[in-house]
Amino acid sequence: MTVPAASRRALLAGLAGALAAPAAPGIVRAGDAPILRGTGDLGLVVERADGAVLLVETTGRSHLARIDGLGDLSHASVCFSRDERYAYLFGRDGGLTKIDMLAARIDRRIVQAGNAIGGAISDDGTLVAVSNYEPGGVRVFDAATLAPVADIPAVDSRGNRSKTVGLVDIPFRGFAWSLYEGGEIWVADFWNRGNSPKLTRIFDIGRLPYDGVVTADGRHYVAGLFGEDALIRVDLWADSLKPERVLAGYGKGEAPLPVYKMPHLEGWAAVGDRLLLPAVGRHEVLVVDRERFAPVAAIPVHGQPVFIVARPDGRQAWVNFAHPLNDTVEVIDIPSLQVVHGFTPGPAVLHLEFTPRGHEVWISVRDADRVDIHETRSFGKVGELAARKPSGIFFTPRAHRIGV
């Protein structure tokens, strides 16, 4: 059959366009040389309404691929393998998904529970743990295959099941978490123990621990208490693990505001010898001495803080806020402990993530379907990416930090 000249030209043009089109990162087409790239500037942006993530790179501020089929991402979080190639995505529906970022595809996916609230990867990169609301407890999986390793039900000292919150990795193949209803902190040690960890339970920590973090040196696990104005600290270097109440009564004598969204302690800012923490139900950022956990100052801010994120050099902390004041971002100068800049990216600012050395910050603006990119010296906007209801932003340098 003879193909008309015009049709031949259209076909050849189409083939040329297909060959010139960029492949997904890491994908090798038959007959082509490998497409090589590093992973240090890669990241994922969660599109919470679509069950998808955007694969992005920060050097060129570009979107490389969209990966979908990831379930309920209404409270999704991500951690990374030690080599930065794989991302582990924890969905609210109990889904645990291993994403190959160089191939831009799902490597493995399981649904391990009915309702989950985040997870962590061990320091040696071999274990992934997931914190569950339903049925409660923590489940641990092999990071390579997602095969089950351990199932640790959260049954408190009274025999009642509990939601688990504040799950973090700690040094030497360990994890720590809190029991929300149970008022306990548990520490699991997998070092040289195969699939049967040594479990240490810390009782009577206070009412309703809603979140937890570990300090960057892996020494202190800190839980926030929704049921009272206090934090609980556990010194993980001590021979005997005991709870210590810190910042007790920091809001005593004040009428607390309605809590529209629980702040995320994993978004606290560690800067030098100080910690900046969100004050529950108050328009304040708490400044705390890092060694003694004694209060230093309270910085008035625009609304109830949700995330307080330190620029990697420690000079600034950027803050976003709970509804109904969640269209605003403020910047705190650390030497002066003053708000030095504020701006309004748009409706529903949900998350902030700095580039590896902090020269830029990416900001998800959910209700504008957009991610904004600002440089962090003069605060000017330098780019934006379209995204469908974006929430969490996660860059690969997290792979090398404890507790994130």
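Colleague: Why is arginine 173 called buried?

Modeller: Its relative accessible area is 16%, and buried means under 20%, so arginine 173 belongs in that class. Keep in mind as we talk that this is a predicted model.

Colleague: Where does arginine 173 sit, and what is its phi?

Modeller: Arginine 173 is in the loop between β12 (164–170) and β13 (174–179). Its phi is near 55°, a positive value in a residue that is not glycine.

Colleague: How do you know whether glutamate 84 is buried or exposed?

Modeller: We use the cut-off again: glutamate 84 has a relative accessible area of 10%, and under 20% counts as buried, so glutamate 84 is buried. This residue lies in the loop between β4 (77–80) and β5 (86–90). Glutamate 84 also has a positive phi, about 70°, although it is not a glycine.

Colleague: Let's move to asparagine 320. Why is that residue called buried?

Modeller: Asparagine 320 has a relative accessible area of 1%; the limit is under 20%, so the name fits. You will find asparagine 320 in strand β25. Its contacts with residues beyond four places away in sequence include Gln304, Phe307, Thr328 and His351.

Colleague: What makes the approach of asparagine 320 to leucine 350 a polar contact?

Modeller: The side chain of asparagine 320 reaches the backbone oxygen of leucine 350 at 3.3 Å. A polar contact needs N or O atoms within 3.5 Å, one able to donate a hydrogen and the other to accept it. The distance of 3.3 Å is therefore within the cut-off.

Colleague: Why is strand β26 described as largely enclosed?

Modeller: Five of the five residues of β26 (residues 329–333) are buried, so the rest of the structure largely encloses the strand. Val329, Val331 and Asp333 point one way, while Glu330 and Ile332 point the other way, and all are buried.

Colleague: How do you know that β26 pairs with β25 and with β27?

Modeller: Two strands pair if there are at least two bridges between them. Strand β25 (residues 316–321) and β26 are joined by five bridges in the antiparallel sense, so they pass that test. One example is glutamine 316, whose bridge partner in β26 is aspartate 333. On the other pairing, β26 and β27 (residues 338–343) are also antiparallel over five bridges, with valine 331 partnered by histidine 341 in β27.

Colleague: What lies between these strands?

Modeller: The hairpin of β26 and β27 has four residues between the strands, and leucine 337 in its turn has a positive phi of about 55°. Proline 324 is in the loop between β25 and β26. A cis peptide bond joins histidine 323 to proline 324, with omega about 10°.

Colleague: What about the second largest pocket: which residues are closest to its centre?

Modeller: The second largest pocket has a volume of about 340 Å³. Of its 15 lining residues, Ile170, Pro171, Val187, Asp189 and Leu236 are the closest to the centre. Strand β14 gives the most to the lining, with three residues.

Colleague: What makes a lining residue such as Asp189 charged rather than nonpolar?

Modeller: Asp counts as charged, whereas Ile, Pro, Val and Leu count as nonpolar, so Asp189 goes with the charged residues. By class, the lining has eight nonpolar, three polar and four charged residues.

Conventions
Residues are numbered from 1 along each chain as its sequence is written. This is a predicted model: local features need pLDDT of at least 70, side-chain atom pairs count only at pLDDT 80 or more; totals for chains, interfaces and linings use all residues. Side-chain values use heavy atoms; hydrogens and water are left out. On a 1 Å grid over the protein atoms alone, a cavity is a set of points where a 1.4 Å probe fits but cannot get out, and a pocket is an open set with protein on both sides within 12 Å along at least five of seven lines; lining residues have an atom within 4 Å of a point. Grid points are joined across faces, edges and corners, and a volume is the space filled by probe spheres set on the points. Helices (H or I, at least four residues) and strands (E, at least two) are DSSP runs, numbered from the N terminus. Buried means under 20% relative accessible area, exposed over 50%, partly exposed in between (1.4 Å probe, protein chains only). Contact means heavy atoms within 4.5 Å.
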